[in-house]
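Dear colleague,

I am handing over the structure we spoke about, and would be glad if you could look through it with the notes below.

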Amino acid sequence: MAAAAVPRRALLAGATGAVVAASVGGLSSHAGAATVSAAGPGPAGAAKPWTHAAGVLRGSDVAVRAGRDKEGRFGVMFKNAEGFAPPDDLLKSLAAQMGEPAGLTPALDNPRVPAGFTFLGQFIDHDMTLDRTPVPEQEVDPLALTNFDTPLFDLGSLYGRGPDRDPALYEPGGSGRMRVVRNEHGVDDLPRQADGTALIGDHRNDENLIISQLHLLFAKFHNRCLDTGLARSLAEAQRLTRWHFQWVIVHDFLDRLVGADVVPRFLDGRGKVKREFYKPKNPHRPMMPIEYSVAAYRFGHSMVRAAYLMNARTTPPVIAPIFGAEDTDLRGSRPLPARLEIDWWHFFEVPGRAAGPRNQARRIDTKLSLPLFDLPPTVVSDAMTSLAERNLIRGKRLGLPAGQDVATRMGVTALTNTQLGLPDPANPGWSGKAPLWFYILRESELQTGGERLGTVGGRLVAEVILGILEADKASYLHAKPPFTPAAPIATTKGEFRMGDLIAFAQGLG
């Protein structure tokens with residue numbers, strides 16, 4: 001049950017994206033170009049700028065600058081599908097109709113997906129897209145064809161480069177524990193620098209107070225593996241934490257957002273992944289498809305709320321906006337205030353905790369919140385303030401294929417522009433096709449009522465995530481003997497979801 005008092009959608013909270021990298025970087029007039037436009041962190045305690053996706057991901061413009069056959073950190077999944085380049089004015093007219101109307105009701109909540117999955121999707125994306133390549137090497141390889149971090153679900157954002165190179169992330173003394181501090185407000189927090197920014201492996205996990213507390217939760221899970229004796233070393237605790245994280249991605253995140261009927265299409269009961277279209281040239285260093293990163297995984301932009309119930313310890317309960325008055329909203333890069341400490345059962349289904357009130361994600365659809373059409377200067381510094389417009393223009397400039405072209409190559413009956421509801425659908429500028437990002441959002445509306453991704457979007461997301469997981473020979477899919485969550489981490493052997501991870505991490509059993 002969603003909390004009735006929690007308003008509709010928000011400005012750029014994640015995911016999924018989530019929430020998803022490079023969505024609001026500055027756009028210039030030539031293909032694939034972008035500049036970082038958000039300011040850095042301010043003084044400790046001051047209102048911090050929202051920096052989510054404030055730049056281009058290195059190498060995501062490989063298709064337009066090096067050719068559709070080239071692969072490095074990024075690549076094209078459907079190489080024989082041309083980039084879709086309708087006139088900008090048509091894309092702007094489409095973006096203009098993606099704003100949400102006023103007078104919204106709780107019926108727009110997604111009963112299938114608690115709101116925590118929006119931020120888990122963002123956390124997953126950051127783990128996939130983390131690039132620790134030294135700056136000098138990035139400068140000589142701007143297309144990321146040679147020097148780049150392979151996308152993995154290895155919690156690099158949590159573990160950094162290890163205790164030898166990133167000792168500030170770990171407790172001293174060689175215990176293998178992650179640093180968790182009691183901050184000036186008397187609550188558990190990430191270790192922080194004097195300016196308030198967190199000492200973590202990926203600064204993006206400090207951009208809001210929900211994602212930073214999710215990061216903290218994984219640190220606590222790691223530490224409990226050591227405290228309970230389930231792990232006797234840093235390496236064992238890392239392995240247990242990574243494998244349970246990966247299990248949640250497959251058996252909870254994908255189950256809810258793609259569908260339990262879709263996952264077995266690509267993953268059999270023996271941990272083998274069937275590849276239909278995601279076939280990187282180098283299976284040991286798999287590229288990330290732009291169809292996934294620039295379009296499909298951005299479904300999370302339609303899932304975020306304007307504000308979230310954080311806890312119900314007071315009367316009235318604490319509901320915090322993504323953006324609001326200083327020290328009352330969810331902007332990050334500052335010590336966690338006690339009043340904004342999360343009770344996670346308001347975001348996920350946690351065993352033994354009340355079913356409500358709970359924040360629900362919003363349905364996956366083509367309507368973004370009205371504030372997305374007026375992005376603040378802490379997010380962008382140019383005139384293009386509509387997130388929908390930025391996503392559509394960026395997709396064109398990075399060479400995304402059309403939605404119908406992807407559907408056809410998947411062997412799926414493509415939706416027509418009339419079915420999709422494009423403005424002036426017969427306009428020759430559309431060439432009978434639609435942008436992939438919009439297509440996937442509208443497909444979800446038409447096929448599932450926005451409760452999960454539709455056929456094209458669901459298969460694309462599932463195959464890429466499972467394909468990347470299978471490429472990692474240290475993932476749980478390759479464990480021998482096979483890995484299955486069990487007691488005391490999982491209450492029931494083989495049944496483990498995000499709520500179980502929370503319960504173990506916080507000792508709620």
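The notes that follow cover the chain as a whole, its core, one helix pair, and the empty spaces.

Please keep in mind that this is a predicted model, in which local features need pLDDT of at least 70 and side-chain atom pairs count only at pLDDT 80 or more, while totals for chains, interfaces and linings use all residues. Residues are numbered from 1 along each chain as its sequence is written, and side-chain values use heavy atoms, with hydrogens and water left out.

The secondary structure of the chain comes to 15 helices and ten strands, these being DSSP runs numbered from the N terminus (H or I of at least four residues for helices, E of at least two for strands). Of the 509 residues in the chain, 60% are buried, where buried means under 20% relative accessible area, exposed over 50%, and partly exposed in between, with a 1.4 Å probe and protein chains only. Among contacts (heavy atoms within 4.5 Å) between residues at least 6 apart in sequence, 75% join residues at least 24 apart.

The largest nonpolar core (a set of buried Ala, Val, Leu, Ile, Met, Phe, Trp, Tyr and Cys residues joined through side-chain atoms within 4.5 Å) has 132 residues, of which Phe253, Phe299, Tyr308, Met310, Val461 and Met498 touch the most other members. Helix 7 (residues 234–259) gives the largest share of this core, 13 residues. Val461, for its part, is found in helix 14 and is buried, with a relative accessible area of 1%. Leaving aside residues up to four places away in sequence, Val461 touches Leu254, Val258, Tyr292, Ala296, Tyr297, Phe299 and Leu453; Leu254 is 207 residues from Val461 in sequence, and their C-alpha atoms are 8.5 Å apart in space.

Helix 14 (residues 455–471) also meets helix 13 (residues 436–448), their axes coming within 7 Å and crossing at roughly 120°. The contact is made by Tyr439, Ile440, Glu443 and Gln447 of helix 13 and by Thr455, Val456 and Gly457 of helix 14. Axes here are lines fitted to C-alpha atoms, for helices over the stretch in contact, with angles from 0 to 180 degrees between N-to-C directions.

As for empty space, on a 1 Å grid over the protein atoms alone, a cavity is a set of points where a 1.4 Å probe fits but cannot get out, a pocket is an open set with protein on both sides within 12 Å along at least five of seven lines, and lining residues have an atom within 4 Å of a point. A search of the whole structure finds five cavities of 30 Å³ or more, a volume being the space filled by probe spheres set on the points, which are joined across faces, edges and corners. The largest cavity holds about 90 Å³, and of its 13 lining residues the closest to its centre are Leu392, Gly395, Lys396, Pro435 and Leu436. Helix 10 (387–397) and helix 13 are the elements that give two or more residues to this lining, with helix 10 giving the largest share, four residues. The second largest cavity has a volume of about 60 Å³, and its lining includes Ser157, Met178, Arg179 and His215. The second largest pocket, finally, has about 340 Å³ of space, and of the 16 residues that line it, Gly269, Arg270, Gly271, Leu477 and Pro482 are the closest to its centre.

With best wishes
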